[in-house]
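Student: I would like a close look at one strand of this model and at what surrounds it. Please take it slowly and connect it to the rest of the chain.

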Amino acid sequence: MTYIAKPRLHHPSLACNALGYTRRDYEGRVSTLCAGCGHDSISAAIVRACWELAIEPHRVAKLSGIGCSSKTPDYFLSPSHGFNTVHGRMPSVLTGANLANRELLYLGVSGDGDSASIGIGQFVHAIRRGVNMVYIVENNGVYGLTKGQFSATADAGSVSKKGVVNTDAPLDLVGLALQLGASFVGRSFSGDKEQLVPLIKGAIAHRGAAILDVLSPCVTFNNHAGSTKSYDYVREHNDSINRLDFIEPRAEITVDYAPGELIEVAQHDGSLLRLRKLDAAYDPSDRVAAMNYLHERQAAGEIVTGLLYVDEGAQDLHAHLKTVATPLNTLDTAALCPGAAALDRINAALR
């Protein structure tokens, strides 16, 4: 329970990262979610990604809305700044916080109800504006807190626990994110940390709107035969488009090898990275091709996971607005009120 504090004692053999923190230092309170909930696996992946990247927890601002997914920020990064907004309004609060202080890492956690239903307008505008954020949607296809009604991401034909068939067409959040101009788009499965952790690390390192749609089965209301968001269904229909790893920026390491070939590449830490080109045709830098591939695989009944699209040259909202490099919340009166002459020049430019 969240009112039960985790022990502060750490086993002396726990490994430390570059900051001297153990993974336990990135954890949160005890989860109150159902045992086996995919959301807890996502929390664990966030903890692992932040620990491996040696991120200072106080530099992270974690925001959420309302729902099972929006409870999860309490379960990771306890030392971080946290804020629960009202239902569906997390993106606008995150945008305002980002404009005020660009030096923090903004991590938004939402759900399919929070983002695809009441918050769909907020989701749309935060992406198209290029807010520098990691936006994680914990997608289970149901409203878990209100006893398992279909959400806007539930597939047509999906059967509820009570045997009701969903007749509505679903919203595809990654397809929508691609259309809106998100510069980092990925989808993963809560039960696949080997794929999910590198995706989260890549999203953290990316500058711009990074969207991760993570299928996260609801073990209470949506993990049965007939559900397209169950553990068994996702595992049977998962089409992983790339094998992922994350390497921190250093001197460039280049390779040249043919599709289907396996090579070993020496890394900066002395380890060897084994690379195999899985699909020569897929290009994550081609937005249109990514959208077409999603539709093709969806028609074939497959769930595409992996890094779907990335624009390495993307700019964020601050670049679009040409704000100053200094965080706005630290500007003094002289900077904010430059005087009547400056105001006259601005007004003249608008005439």
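Tutor: What follows starts from strand S7 and works outward to its partners, the core and the salt bridges.

The model is a predicted one, and its protein chain holds 12 helices and 12 strands. Of the 351 residues in the protein chain, 44% are buried. Among the contacts with a separation of 6 or more, 68% are between residues 24 or more positions apart.

Strand S7 covers residues 184–189, and because six of its six residues are buried, the strand is largely enclosed by the rest of the structure. Phe184, Gly186 and Ser188 point one way from S7, while Val185, Arg187 and Phe189 point the other way, and all are buried. S7 pairs with S8 in the parallel sense, over six bridges, and within this pairing Arg187 stands opposite Asp213 in S8.

Arg187 deserves a separate look, since a charged residue counts as buried here, at 10% relative accessibility, where the cut-off for buried is under 20%. In general, side chains of opposite charge can pair when their charged atoms come close. Arg187 forms a salt bridge with Asp172, and the closest N and O atoms of the two are 2.7 Å apart. Arg187 lies in strand S7 and Asp172 in the loop between strand S6 (149–150) and H6, so the pair ties together parts that are 15 residues apart in sequence. Asp172, for its part, is partly exposed, with a relative accessible area of 23%.

The strand also leads into the hydrophobic interior. Val185 of S7 is one of the residues with the most contacts inside the largest nonpolar core, which has 33 residues; Phe123, Met133, Ile211 and Leu308 are the others named with it. At least two residues of this core come from each of S1, helix H3 (90–100), helix H5 (120–128), strand S4 (133–139), helix H6 (173–180), strand S8 (209–215), helix H9 (287–299) and strand S12 (303–310). H6 gives the most to this core, with five residues. The surroundings of Phe123 can be followed residue by residue: leaving aside residues up to four places away in sequence, Phe123 touches Pro91, Ser115, Tyr135, Val137, Leu173, Leu176 and Ile211. A second, separate core of 31 residues includes Leu107, Ala203, Leu212 and Phe246.

The salt bridge of Arg187 can be set beside others, for the structure holds 10 salt bridges. In one of them, Glu52 pairs with Lys201, with the closest N and O atoms 2.8 Å apart. This pair links distant parts of the chain, with Glu52 in helix H1 (residues 38–52) and Lys201 in helix H7 (residues 193–205), 149 residues apart. Glu52 counts as partly exposed at 29% relative accessibility, whereas Lys201 is buried, with a relative accessible area of 10%. Arg297 and Glu302 also meet through their side chains in a salt bridge (3.0 Å, N to O); Arg297 is partly exposed, with a relative accessible area of 23%, and Glu302 is partly exposed as well, with a relative accessible area of 30%. Through salt bridges that share partners, Arg48, Glu52, Glu194 and Lys201 are joined into one network.

Terms used
Residues are numbered from 1 along each chain as its sequence is written. This is a predicted model: local features need pLDDT of at least 70, side-chain atom pairs count only at pLDDT 80 or more; totals for chains, interfaces and linings use all residues. Side-chain values use heavy atoms; hydrogens and water are left out. A nonpolar core is a set of buried Ala, Val, Leu, Ile, Met, Phe, Trp, Tyr and Cys residues joined through side-chain atoms within 4.5 Å. Buried means under 20% relative accessible area, exposed over 50%, partly exposed in between (1.4 Å probe, protein chains only). Helices (H or I, at least four residues) and strands (E, at least two) are DSSP runs, numbered from the N terminus. Contact means heavy atoms within 4.5 Å. Two strands pair if DSSP finds at least two bridges between them. A salt bridge is a side-chain nitrogen of Lys or Arg within 4 Å of a carboxyl oxygen of Asp or Glu.
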